[in-house]
Structures are given as structure tokens and as C-alpha cells.
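Reader: I am new to this structure and should like to understand how its terms are justified. May I put some questions to you?

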Amino acid sequence: MEQNLLRALERFIVTVARAESAAITSARILSGGAVQENWLIDVAIVGGAHAGRLECVLRCDSPTAGVAISHGRAHEFALLKTVFAAGVTVPEPLWLCEDSAVIGRPFFVMRRIAGTAAGHLLVKDGCYGGDRVQLAERLGRELARIHSVRPPQPALDFLPWYEDAPALHSIDLHRHFLDGHHTAHPALEWGLRWLERHAPARGEISLCHRDYRTGNYMVDESGLTGVLDWEFAGWSDPLEDLGWFCAKCWRFGKVDREAGGIGVREDFYRGYEGESGRPIDREAVRYWEVMAHMNWAIIAIQQGERHVSGEEDSLLLALTGHIVPELEWEILNMTESD
Amino acid sequence: MRDRPTGEELLACARRVLREKVLPVLPGEHKHDLLMVLNAMSIAERQLHYGEAPEQQELTAISALLGESLADPGEANRRLSRRVREGGGDPGQPQRTALFAHLRAVGRQRLLESNPKALNGAAG
């Protein structure tokens with residue numbers, strides 16, 4: 001980040017933190033993607049509620065991201081504020097700046113959290129995430145807190161609203177996508193028809209993370225440090241998140257550990273039930289595990305298509321397209337008998 | 001007529017070199033890239049191995065299911081998809097068993113090419 005931007009950022013922090021001074025002692029880019037950038041920023045703050053050394057992350061659109069998604073950061077900030085207030089362990093959102101005049105693009109600043117999120121490490125290595133019973137329970141509790149956010153939420157009015165049963169809503173979106181795609185997928189159609197025939201009615205609607213799985217939360221040696229990746233959040237049936245978390249396709253090869261490859265399903269459920277005070281309908285979660293495979297299959301087709309269409313030359317995206325047969329196979333396994 | 005080694009054989013040989021000689025000396029951050037490369041080469045190799053026969057069989061099977069002679073695999077799968085979406089494979093429908101068996105057979109072949117490990121010990 002250039003010197004003049006750093007000075008502008010310091011002036012911004014002085015204002016929003018009501019500080020006497022703010023000096024950025026370190027600024028380095030953590031990850032730069034096609035859509036977003038994350039900067040690790042250390043600030044020495046004098047005066048105000050944040051006096052002292054502040055370690056934070058600045059998230060902004062990448063310079064090439066274009067206008068279409070320029071509201072993304074404000075939405076993400078609003079989501080973090082909402083769930084942070086609901087008691088969910090997330091990086092604390094500090095300040096949003098929608099004024100592009102400050103550093104050239106909208107951004108927000110959140111407190112930094114430590115640890116790793118890499119799914120293949122979490123399921124393998126005992127040194128990440130601490131005790132597995134506690135971690136599974138904790139993840140259940142966190143999810144219940146996310147689901148404690150109920151509509152209406154004026155701060156989240158950017159989230160699409162719909163009146164259908166959430167399952168039917170997803171089925172419609174998937175069919176719409178498949179109808180516009182160049183290649184038909186009869187096995188997915190079989191799964192969608194099963195999902196349609198078994199779709200649960202619209203019940204209580206909650207804020208759902210919609211990508212709550214191993215790989216999208218951070219842990220250190222002793223346990224959870226934060227729930228990440230909120231870009232798919234939306235209103236849905238809370239069981240959608242439970243099914244996504246437990247689905248076989250998100251166990252990173254540890255299929256016998258049904259709670260996200262890291263723990264026992266009942267430990268996860270116990271944490272959820274304890275926090276929400278409501279029992280989980282075990283059989284109903286199974287429906288949403290079928291839906292999880294369907295959602296992931298559709299996303300995998302879309303990821304592969306980003307490569308095939310020439311939008312983004314990426315071996316990772318290309319290989320993601322080849323996950324689809326495995327997901328279709330699992331969908332057939334789960335829907336054969338009824 | 002092409003000389004051997006075939007494309008499939010070349011890929012297999014190239015993969016051995018990468019796996020046995022290059023992978024062990026690569027620094028950690030690039031190992032993952034090479035593993036992805038090896039996976040991509042394996043998929044290409046298996047597609048070459050099976051050739052065009054599975055797609056022809058698939059077309060023949062769909063034609064039999066739909067009771068019409070179809071020439072284009074893309075169009076055949078679109079029509080099959082429509083049949084399934086309209087409930088042609090629902091419980092109690094006469095074609096349910098045959099439809100499902102077809103999806104299984106095609107699915108198995110797709111897995112044999114994309115990720116045969118997923119078939120080990122799998123149901124069906």
C-alpha cells in the first residue's frame with residue numbers, strides 16, 4: 001500500500017476510533033484475489049477506546065473488481081456486525097468506509113484472528129482445533145447463535161427474500177441454472193426430483209451461513225477462533241446449515257467423523273440443541289444432506305465453467321468440475337430407495 | 001496409424017517422472033500444484049483409455065429408454081433430463097428401475113474417469 005494511502009487510512013482511523021493519533025506500523029497483503037484483497041495491518045493508536053496496538057485485517061475490493069460488486073464490503077460488514085452482536089465468534093467488525101476517496105475503494109476493518117482454516121489439516125492433525133468433542137459442540141453452539149438471527153433485520157435487507165419453502169426455492173434456482181447450461185445432468189435431475197418430492201414445508205426462517213463447514217472456520221491449538229466466509233449467507237431453513245456441515249462431501253475424507261470430518265455428529269447436535277433449546281429432527285437433517293450434495297454439485301459445475309468459458313484459467317477450477325461425478329454418485333446412493 | 005507410445009502411455013510415463021523425481025524435491029508450497037497437475041493428467045489418461053465407446057453406449061441406452069433413435073449425446077441427455085424432471089422415474093413409474101440403472105451405469109463410468117477411488121467400497 002502506498003504511503004499516501006497509509007496516511008489517509010491513519011486519518012480515517014483517528015476519526016472513527018476517536019483517537020489522538022494512529023500510526024500504521026505494518027501493512028502487508030495477505031491474499032489478493034480477483035474479487036477481494038485482505039491486508040494485515042498493525043496500528044499503534046493513542047487515545048480513544050482502541051488505545052494501544054491494534055492488529056487488524058483490512059478487506060477491500062481488488063482494483064480490478066469493477067463496479068458490479070462494489071456494495072459487497074458494506075453487506076459483508078453488516079452481516080458480521082449482526083452475527084457478532086448475536087454472540088457468534090467472528091472477527092470483530094470495527095469500521096466500514098464506503099467513501100472511495102479514502103483509499104480508492106470501499107473497505108472495512110476487522111480485528112485479526114489467529115489460526116488455520118485448512119480443512120485437510122483440521123481433519124488430519126490433532127494439533128489444530130483442540131479437543132474434538134469440545135470443538136464439535138462449540139461449532140454446534142455457534143451455528144445455533146447464527147440461527148438466532150430471525151427476520152426482519154433492517155440491516156440485512158439486501159439479502160434476497162422469498163415466500164416459497166426454502167428447499168423449493170433452491171430447487172427452482174438449480175433447475176434454472178441447469179436449463180441455461182450447455183450440458184444436461186440427468187443424475188442431478190433425478191436428485192432434484194427426489195428433493196422436490198420430499199421437500200419440507202416452509203417452517204421457521206433463520207439467518208443461515210450457507211457455507212458452514214470445515215474449511216470455513218478458523219482454529220488454533222485450543223479451539224475455534226472464528227467463523228469465516230459469509231458471502232453465501234441468506235434466509236433459509238436452519239436445517240440447511242446442519243445438513244451442509246454434516247454432509248459426507250464435506251468430511252475431507254474422514255467419512256466416519258460425521259460432523260465435518262472433525263467430530264461425532266451427536267456432539268455437534270448436543271451443542272446446537274443446548275444453545276438453541278430446541279431438539280433437532282435427525283431424520284429431517286438427512287434431507288438437507290442430499291441438498292448439500294446437490295448445492296455443491298451445482299457450484300462445482302459453475303466453478304468448472306469459469307475455467308471452461310475462459311473467464312479464469314485455473315487448474316483448481318478445472319478440477320473442481322471433475323468433482324461432480326462423485327457428488328452425483330452420492331446423490332444416487334441417498335435417493336435410490338424412495 | 002499412429003506409432004506407440006500412445007497418448008495414454010505418454011501421460012502415464014510423464015506422470016511417473018513428475019511423481020518420482022520432481023515431487024520429492026519441490027518446496028512445500030508447490031507440491032500442491034504438482035498434485036493437482038498429476039490428478040489432471042490421470043483424468044486425461046483415463047479418458048483416453050476408455051475412448052469414445054462409453055458415450056456411444058450411453059447414447060444407445062438413452063435411445064432405448066426414450067424409444068427413439070437419437071444421434072446427439074447432448075440432445076439425448078437433455079431429453080432424458082426432461083423425462084426425469086417430469087416424474088418419469090418416480091416410484092411406481094414403469095421406467096423407474098431402468099432409468100435408475102442407466103444413471104448408475106453412466107455415473108459409474110463418469111467416476112471411472114474422474115475419480116475411480118470414489119468407487120472403492122461404494123454402494124451400487
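**Reasoning from values to terms**

Author: In this predicted model, 26 residues of chain A are in contact with 31 residues of chain B. The area buried between the two chains is about 2,600 Å², and carbon and sulfur atoms give 62% of that area. On the side of chain A, A:Pro186, A:Trp190 and A:Trp329 lose the most area to chain B, together 28% of what that side buries.

Reader: What makes the pair A:Glu328 and B:Arg110 a salt bridge?

Author: The closest N and O atoms of A:Glu328 and B:Arg110 are 3.0 Å apart. A salt bridge requires a side-chain nitrogen of Lys or Arg within 4 Å of a carboxyl oxygen of Asp or Glu, so the term applies to this pair. The count between chain A and chain B is six salt bridges, and eleven residue pairs, both residues at pLDDT 80 or more, are in polar contact.

Reader: Which helices of chain A supply at least two residues each of the side that touches chain B?

Author: They are helix 5 (166–180), helix 6 (186–197), helix 10 (315–321) and helix 11 (324–335) of chain A. Helix 11 of chain A gives the largest share, eight residues. By class, the side of chain A that touches chain B has eleven nonpolar, six polar and nine charged residues.

Reader: Why is helix 2 of chain B called oblique to helix 5 of chain B?

Author: Helix 2 (residues 28–50) and helix 5 (residues 96–114) of chain B pack at an angle of about 130 degrees, with their axes 7 Å apart. Angles of 65 to 115 degrees count as roughly perpendicular and those over 145 as roughly antiparallel; the angle here falls in neither class, and therefore the two helices are oblique.

Reader: Which residues meet where helix 2 and helix 5 of chain B come into contact?

Author: From helix 2 of chain B come B:Ile43, B:Arg46, B:Gln47 and B:Tyr50, and from helix 5 of chain B come B:Gln109, B:Leu112, B:Glu113 and B:Ser114. The residues of this contact divide into three nonpolar, three polar and two charged.

Reader: How do you know that A:Arg145 and A:Glu275 form a salt bridge, and where in chain A do they lie?

Author: Their side chains meet at 3.2 Å, N to O. The cut-off is 4 Å, so this pair qualifies as a salt bridge. The pair links distant parts of the chain: A:Arg145 is in helix 4 (residues 132–147) and A:Glu275 in helix 8 (residues 265–276) of chain A, 130 residues apart. Over all chains, the structure holds 38 salt bridges.

Reader: What makes the backbone at A:Arg210 worth a remark?

Author: Most residues other than glycine have a negative phi, and most peptide bonds are trans. A:Arg210 is not a glycine, yet its phi is positive, about 70 degrees. A:Arg210 is placed in the loop between strand 6 (206–208) and strand 7 (217–219) of chain A.

Reader: Where are cis peptide bonds found?

Author: One joins A:Pro151 and A:Pro152, with omega about 0 degrees; A:Pro152 lies in the loop between helix 4 and helix 5 of chain A. Another joins B:Arg4 and B:Pro5, with omega about 5 degrees; B:Pro5 lies in the segment before helix 1 (7–22) of chain B.

Terms used: Residues numbered from 1 in each chain as written. Chains lettered and ligands numbered in written order. Heavy atoms only, no water. Axes fitted to C-alpha atoms, helices over the stretch in contact; angles between N-to-C directions. Helix = DSSP H or I, 4+ residues; strand = E, 2+ residues; numbered from the N terminus. Parallel < 35°, antiparallel > 145°, perpendicular 65-115°, else oblique. Contact = heavy atoms within 4.5 Å. Nonpolar A, V, L, I, M, F, W, Y, C, P; charged D, E, K, R; others polar. Buried area = accessible area lost by both parts, 1.4 Å probe. Polar contact = N/O pair within 3.5 Å; in protein donor to acceptor, adjacent residues only side chain to side chain.
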